[in-house]
Amino acid sequence: MKRLPLLISLLLSILISNQIFAQKFDQVGKTPQLGWNSWNTFGCEIDEHMIKEMADVMVANGMKDAGYEYINIDDCWHGERDAKGFIQADKKHFPSGIKAVADYVHSKGLKIGIYSDAGSKTCGFRPGSRGHEYQDAISYASWGIDYVKYDWCDTKDINPKAAYTTMRDAIKSAGRPMLFSICEWGDNKPWEWATDIGHSWRTTGDIDPCWNCEHSHGSWSSWGVLRILDKQEGLRKYAGPGHWNDMDMMEVGNGMTEAEDRSHFSLWAILASPLIAGNDLRKMSDTTRKILTNKDVLAINQDVLGIQALKWIDDGDVEIFIKPLDKGDYAVLFLNRADYEKTYVHDWAFNEMKDDISKHQIDFTKEFFNFKNAWTGATGDTKSKLNLTIPAHDVVVLRLTPKK
Ligand code: GLA
């Protein structure tokens, strides 16, 4: 008889400890994460001086004020593991250690992210976290890390859900809130199983700074803006506050035209993707800075409802996306995919909007909106037809507000 209470209390304590430990941190990632990451421009050529400079620039150039928060060190910061298996920073490029860099980034009012991999080796052939997950999470917490990007190289025969769950649990038990960014390239449909594991998951392979290209690297390809956009089909129902479809770090300022950069940024924003700049912030043009810090577009991305835009109208070269926003507002994006300028007439009254996923509906013959163009500041309303001229590869982004 005495055994029963003991058994029950044992079961209870297991249940309680699972409640506490086996969940992701839920106070981060409520809106898509905004930040910068070293990979797209620097690859493995990174060091502590450069990372600290990026934090300085993010504060000085208005990005922090616009909402950017994370400075993320991608692959290749690693040295070897010590005798007990704890990971060390590469002594040559990070001689002060990661904690010193984290302290510096924090002193600027920003947060810091780091990178690891579910396999034994990262994609850059540095030590991965396989078999060291809890140890690594403890190190990250002790250094003051706020964000972990967790990659998927060297993972043959590893179960993806189990691998990402292990790291989630390791991070949770290390006790410091960290955003957990799953980077599994969409290979195993993480949108179907990662809602409770990560705060975002990559939906595709790596991005390239080009409009509509595929670059083959043998066993994998990297993709331009339109290619990544088209791979989002069917995924919007999986996104929401705390769990986002990640369209990959941005290539704004990395060689595309101004129109393409504007479209890339606006599309990632309206599709509620994390917005992680991937350019050299120290050298960017004023045009690039203005794109990255457009507060109207950022507000669309950061809207509290966290609804990923719907492709509302597909008119061939012109596609129209719509995103329900807080307080009855909507963001509407007109994309010109074509290589030439398009004139386009949009008759609001003729096009009802019905979103079965977010349960929003608009009959534009009965409901009227004022709008503001997020890129030009021009205003208008939905009572009359909209006549647009959209340059090649460009967008028009409007924020609709109900007429009183
Ligand atoms: C993979 C990821 C990239 C980057 C590199 C680093 O390709 O998808 O985003 O992190 O690895 O090696």
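These are my notebook entries on a few places I looked up in this structure, which is a predicted model.

**Entry 1: the ligand**

I started with the ligand. How many residues surround the ligand? I found 13, and the closest are D74, D75, K149, D151 and D206. Next I looked up polar atoms. A polar side-chain atom of D151 is 2.8 Å from a ligand oxygen. For D206, an N or O atom of the side chain lies 2.5 Å from an oxygen atom of the ligand. R202 also has a polar side-chain atom by a ligand oxygen, at 3.2 Å. How much of the ligand does the protein cover? On its own, the ligand has 310 Å² of accessible area, and the protein covers 95% of that. I also checked the pockets. The ligand takes up the space of the largest pocket.

**Entry 2: T122**

D75 came up again here. It is one of the closest residues to the ligand, and its side chain makes a polar contact of 2.9 Å with the side chain of T122. Where is T122? I found T122 in the loop between β5, residues 111-117, and α6, residues 133-143. Is T122 buried or exposed? Its relative accessible area is 2%, so T122 counts as buried. I then listed what T122 touches, leaving out residues up to four places away in sequence. The list is D75, H78, Y115, D117, P127, G128 and C153.

**Entry 3: F125 and D248**

I stayed in the loop between β5 and α6, because F125 is there too. Is F125 buried or exposed? Its relative accessibility is 67%, and the cut-off for exposed is over 50%, so F125 is exposed. I looked up its phi as well. The value is near 65°, which is positive, and F125 is not a glycine.

I then turned to D248. This residue also is not a glycine, and its phi is positive, at about 90°. D248 sits in the loop between β11, residues 244-246, and α9, residues 258-270. Its relative accessible area is 3%, so I noted D248 as buried. My two entries on phi therefore cover an exposed residue, F125, and a buried one, D248.

**Entry 4: helix α6**

The loop of T122 leads to α6, and I looked at that helix next. How many residues of α6 are buried? I counted 8 of 11, and the helix is mostly covered. Which ones are they? They are E133, Q135, D136, A137, S139, Y140, A141 and W143. What covers them? The cover includes strands β3 (78-81), β4 (87-89), β5 and β6 (147-151). It also includes helices α5 (98-107) and α7 (160-174). I checked the end of the helix too. G144 comes just after α6, and its phi is positive, at about 90°.

**Entry 5: G35**

My last stop was G35. It lies in strand β1, residues 34-37. Is G35 buried or exposed? Its relative accessibility is 0%, so G35 counts as buried. Which residues are in contact with G35? Leaving aside neighbours within four places in sequence, I listed M58, Y68, E69, Y70, L275, I276 and A277. I looked at L275 in more detail. G35 and L275 are 240 residues apart along the chain, yet 6.5 Å separates their C-alpha atoms.

Terms used:
Residues are numbered from 1 along each chain as its sequence is written. This is a predicted model: local features need pLDDT of at least 70, side-chain atom pairs count only at pLDDT 80 or more; totals for chains, interfaces and linings use all residues. Side-chain values use heavy atoms; hydrogens and water are left out. Helices (H or I, at least four residues) and strands (E, at least two) are DSSP runs, numbered from the N terminus. Buried means under 20% relative accessible area, exposed over 50%, partly exposed in between (1.4 Å probe, protein chains only). A polar contact is a pair of N or O atoms within 3.5 Å; within protein, one must be able to donate a hydrogen and the other to accept it, and residues adjacent in sequence count only if both atoms are side-chain atoms. Contact means heavy atoms within 4.5 Å. A residue is near a molecule or strand if one of its heavy atoms lies within 4 Å of it. Accessible areas come from the Shrake-Rupley method with a 1.4 Å probe; for residues, only the protein chains shown count as cover. On a 1 Å grid over the protein atoms alone, a cavity is a set of points where a 1.4 Å probe fits but cannot get out, and a pocket is an open set with protein on both sides within 12 Å along at least five of seven lines; lining residues have an atom within 4 Å of a point. A molecule sits in a cavity or pocket if more than half of its atoms lie within 2 Å of its grid points.
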